There are 4 protein chains.
Amino acid sequence: KKQNPTSLRKIFSIHELFSLDVWRASLAELFGTAVLVFAMDTIVISSYETQTKTPHLIMSFLIAVVITILLLATFPISGGHINPVISLAAAFTGLVSLSRAAVYILAQCVGGILGALALQAVVDTKTEQTFSLGGCTLTIVVPSANGPVVIGLKTSQALWLEIICTFFFLFGSIYIAFDKRQARHLGRVMVCAVIGVVVGLIVFISTTVTSAKGYAGVGMNPARCLGPALIRGGHLWSGHWVFWAGPAIACVAFALYTKLIPSQLLHN
Amino acid sequence: KKQNPTSLRKIFSIHELFSLDVWRASLAELFGTAVLVFAMDTIVISSYETQTKTPHLIMSFLIAVVITILLLATFPISGGHINPVISLAAAFTGLVSLSRAAVYILAQCVGGILGALALQAVVDTKTEQTFSLGGCTLTIVVPSANGPVVIGLKTSQALWLEIICTFFFLFGSIYIAFDKRQARHLGRVMVCAVIGVVVGLIVFISTTVTSAKGYAGVGMNPARCLGPALIRGGHLWSGHWVFWAGPAIACVAFALYTKLIPSQLLHN
Amino acid sequence: KKQNPTSLRKIFSIHELFSLDVWRASLAELFGTAVLVFAMDTIVISSYETQTKTPHLIMSFLIAVVITILLLATFPISGGHINPVISLAAAFTGLVSLSRAAVYILAQCVGGILGALALQAVVDTKTEQTFSLGGCTLTIVVPSANGPVVIGLKTSQALWLEIICTFFFLFGSIYIAFDKRQARHLGRVMVCAVIGVVVGLIVFISTTVTSAKGYAGVGMNPARCLGPALIRGGHLWSGHWVFWAGPAIACVAFALYTKLIPSQLLHN
Amino acid sequence: KKQNPTSLRKIFSIHELFSLDVWRASLAELFGTAVLVFAMDTIVISSYETQTKTPHLIMSFLIAVVITILLLATFPISGGHINPVISLAAAFTGLVSLSRAAVYILAQCVGGILGALALQAVVDTKTEQTFSLGGCTLTIVVPSANGPVVIGLKTSQALWLEIICTFFFLFGSIYIAFDKRQARHLGRVMVCAVIGVVVGLIVFISTTVTSAKGYAGVGMNPARCLGPALIRGGHLWSGHWVFWAGPAIACVAFALYTKLIPSQLLHN
């Protein structure tokens with residue numbers, strides 16, 4: 001099969017690292033991720049501040065709406081990733097080059113930091129502390145009668161959650177977007193809405209099913225977790241590697257899956 | 001009529017058992033069912049953990065959404081069954097060969113086990129015990145003043161529920177998907193949504209109408225019930241045959257129905 | 001005008017009584033009505049059993065969904081009536097022959113009985129008694145301090161409700177389905193959804209506006225009322241004629257209406 | 001590139017200041033903004049007067065609906081701005097001339113005043129005082145045990161909120177409307193709905209995340225803030241510049257963003 005060298009060249013196309021268009025497109029990723037971090041974290045805070053008995057449900061619904069809209073806004077410029085997981089999966093399945101994926105992931109991380117800074121500028125110190133800037137936490141330290149104690153989720157449990165949920169995310173929604181025939185069939189709004197709804201659903205599941213106070217729910221987006229961790233530091237760094245390793249493992253599993261299923265189905 | 005030998009050959013086409021394409025396509029069934037089991041069971045747990053007065057309603061709505069999305073994701077690869085009931089009904093109505101249906105059902109059962117394992121990896125022991133891993137139970141054993149007692153549904157009642165609900169499921173939604181003229185008319189998203197909504201509706205009805213604590217609602221998907229039973233065992237095995245016999249009987253009834261109605265209406 | 005003898009022959013075409021195709025198509029009506037009765041009655045029971053403050057709303061919404069889906073499932077086989085009212089109205093406006101309508105209505109009545117039997121097989125005795133198998137009641141007998149008393153709606157009021165609501169149903173939704181130009185314009189899904197929503201709306205109005213305990217809401221489908229009455233008997237027979245006479249009068253009124261409006265609008 | 005002088009001429013086209021068509025179109029902006037101010041402010045008041053625990057949620061949902069409808073109503077006449085922010089951003093990205101934008105902004109300010117006058121005509125004095133006519137406040141003066149005190153948000157925090165939220169608004173929704181290829185792809189209703197939903201979402205976030213009594217939430221529309229300030233005066237003027245400076249800075253940032261991303265993507 002002659003296609004292999006071509007797609008290999010395509011995968012490692014270093015020249016895209018020096019392409020102005022790639023860097024300009026990555027601006028959409030940067031601002032998209034910044035807005036995503038700002039919006040998701042304020043939604044988390046707002047949902048819990050609102051006096052409702054079902055903050056998880058409201059939060060998940062609003063996150064689904066925000067992600068749908070941001071994907072629609074960035075899709076025509078950069079392809080609408082705003083998540084290192086999607087960029088990596090797109091590179092693994094040959095949709096974009098590894099170089100472009102690297103530039104995008106860099107932009108997403110910078111965007112995540114900008115978003116966390118923007119959030120810090122508008123919330124007061126007490127809210128910032130209560131919600132850890134809306135960051136990805138495995139555990140938090142709370143005062144108790146016997147001095148401060150650490151509550152939260154076990155690292156192994158959190159890693160499994162990251163792997164399983166990210167695979168669910170990739171299998172259930174991203175595959176639809178990557179399969180061009182499907183995407184054309186469903187239309188852009190539908191594809192973006194499916195991705196948004198799946199993320200919202202997983203957020204709902206992961207925050208309620210563990211029922212572990214201190215665990216902020218599944219990350220599924222390392223750039224989103226990096227920002228608050230860099231800005232606020234402290235306990236946000238403990239177990240932070242889980243939010244990178246879990247999604248990365250899921251991306252490899254997803255890439256294997258797309259290689260194993262009948263190949264004529266993708267990229268048509 | 002000369003069509004019969006052809007369709008008989010088609011039904012028993014053993015060669016598909018050795019076709020690599022069938023086994024690769026069955027991967028979509030495997031992962032689809034794994035994600036389905038993980039998602040449905042976490043949704044059940046999440047809905048009851050959320051402090052709401054209508055967990056059945058929320059649960060049913062989310063299940064409808066999940067099934068719609070998973071059918072959309074697996075449809076172009078394997079045909080989108082992720083349920084032994086649909087594979088069997090498709091074989092009975094001549095849409096797929098019996099061999100392919102057998103491979104799919106095997107993959108679905110393996111997927112169901114994987115999903116149950118994934119679930120076990122992320123929930124703590126107490127939640128696992130309370131919800132029986134989200135498995136299909138007829139009865140549960142609860143402690144009482146006079147020692148442990150068995151509460152739940154009578155086996156005959158559960159069997160009737162399986163038969164009636166699976167027939168409702170096949171008659172009300174799968175028929176639309178199998179009738180190619182209808183499917184083309186409605187579009188893929190609509191067909192998948194109808195199936196998802198019917199399943200959600202039946203889950204809502206079957207969990208509330210019996211009002212029997214200990215009964216986990218109608219199964220309508222043996223692969224979904226097998227996984228938790230194998231992983232957790234115990235009382236999940238009592239009456240487990242109901243979740244296989246009921247849907248099988250409904251499949252036979254549905255096949256008879258499709259043979260009796262004017263035949264030019266199917267497969268156009 | 002020469003068209004009259006033709007359409008008269010069409011209306012009274014006795015030969016359809018002996019057509020196998022008509023009887024086979026009526027199977028879809030039979031199973032459709034059976035599923036309808038089972039689904040509607042379990043929805044009514046589920047909605048009241050759920051601890052919600054708005055059972056009427058949830059019930060009406062779910063009924064709208066069920067009817068939409070069942071119409072979609074039976075439309076390509078039998079035309080999608082699953083209600084003697086629609087079969088009668090279709091015969092009166094010349095869409096189907098009187099013979100076919102008679103076969104369909106017979107099938108619907110048998111289906112209604114099957115659905116009631118299926119319901120009886122799965123609910124426990126207490127639920128069966130509380131909800132009268134989800135049947136159409138004008139009055140119920142409740143125990144009180146002074147012995148059992150009859151509460152409910154006056155027969156004349158119920159008859160007027162049946163006539164007005166069935167006419168509203170025919171005028172507001174069935175007319176759209178019968179006018180072929182409209183139906184083509186809206187598409188099949190939309191037409192079925194409009195019928196479902198109108199039924200749901202009328203159920204919501206008729207159960208809340210009368211606010212009479214014991215009255216089960218407007219029937220608008222005699223086959224649906226016959227099943228539970230035959231299976232359970234007792235007070236379900238008192239005033240049962242209302243659920244046949246009311247819709248029949250509305251059908252006559254609707255037929256007059258379609259004759260009076262400019263005729264080029266129908267059957268195009 | 002020859003396009004630049006053309007678009008420069010287009011941007012500064014003074015002749016549009018004397019075009020009757022522009023002034024007539026601005027009437028849609030005037031009445032659109034008047035209705036917007038009246039509707040948004042009455043929604044704010046109604047939501048808080050309603051005895052619900054989640055006034056923010058209801059308010060945000062209703063605002064999203066109102067904005068969607070008003071954009072649909074004014075789009076075919078003036079382009080559907082009803083917000084100086086959109087007019088300015090449209091001028092910066094070359095969609096309309098600066099002259100037309102100036103006329104529109106003038107009309108929007110007059111509309112905002114009319115809307116505030118209409119509101120004053122219908123609410124009683126007490127409600128008017130409690131809600132500051134639904135105007136944009138940073139701080140309010142409340143009586144306390146130690147005499148009247150000023151409570152609210154710090155000016156710098158409010159300015160950051162205006163800048164970040166307006167950029168989010170422009171990046172997430174207005175960009176979709178300005179990119180003609182996207183707009184055609186999504187359809188007009190969808191574009192207007194996206195804008196409405198994003199505004200609703202930001203209102204929800206900005207009112208709950210700050211949790212600062214006295215702060216009325218992010219303005220994102222100077223014309224909306226000007227009306228109540230002119231009619232009611234007083235503390236509505238303190239920090240009023242924030243509601244003009246913030247959105248203006250965001251417009252400049254958005255214009256830079258649209259210049260930096262690959263330019264062939266806009267205006268196709």
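Trainee: By what turn and shift can chain A be laid on chain D, and with what RMSD?

Mentor: In this predicted model, a turn of 71° and a shift of 0.8 Å along the axis lay chain A on chain D with an RMSD of 0.1 Å. The two copies are thus related as by a five-fold rotation axis. Chain A also superposes on chain B, by a rotation of 71° with 0.6 Å of shift along its axis and an RMSD of 0.0 Å.

Trainee: What makes up the area buried between chain A and chain D?

Mentor: About 3,300 Å² is buried there, and carbon and sulfur atoms give 76% of that area. On the side of chain A, Ile69(A), Ile77(A) and Val122(A) supply 17% of what the chain buries against chain D, more than any other three residues. Each chain brings residues to the contact: 37 from chain A and 37 from chain D.

Trainee: How many salt bridges and polar contacts join chain A and chain D?

Mentor: The count of salt bridges is 0, while 2 residue pairs are in polar contact across the interface. As for elements, H2(A) gives the most to the side of chain A that touches chain D, with 15 residues.

Trainee: Now to Glu162(A) in helix H7 of chain A. Why does Glu162(A) have no salt bridge?

Mentor: A salt bridge needs the charged atoms within 4 Å. The nearest side chain of opposite charge, Arg224(A), is 7.0 Å away, so buried Glu162(A) has none.

Trainee: Which residues beyond four places in sequence are in contact with Glu162(A)?

Mentor: Among them are Tyr215(A), Met220(A), Val242(A) and Phe243(A).

How values were computed
Residues numbered from 1 in each chain as written. Chains lettered and ligands numbered in written order. Predicted model: local features only at pLDDT ≥ 70, side-chain atom pairs only at ≥ 80, totals over all residues. Heavy atoms only, no water. Helix = DSSP H or I, 4+ residues; strand = E, 2+ residues; numbered from the N terminus. Buried < 20%, exposed > 50% of the residue type's maximum accessible area, 1.4 Å probe, protein only. Lys, Arg positive; Asp, Glu negative; His and termini not counted. Contact = heavy atoms within 4.5 Å. Least-squares fit on C-alpha atoms with pLDDT ≥ 70 in both. Buried area = accessible area lost by both parts, 1.4 Å probe. Polar contact = N/O pair within 3.5 Å; in protein donor to acceptor, adjacent residues only side chain to side chain.
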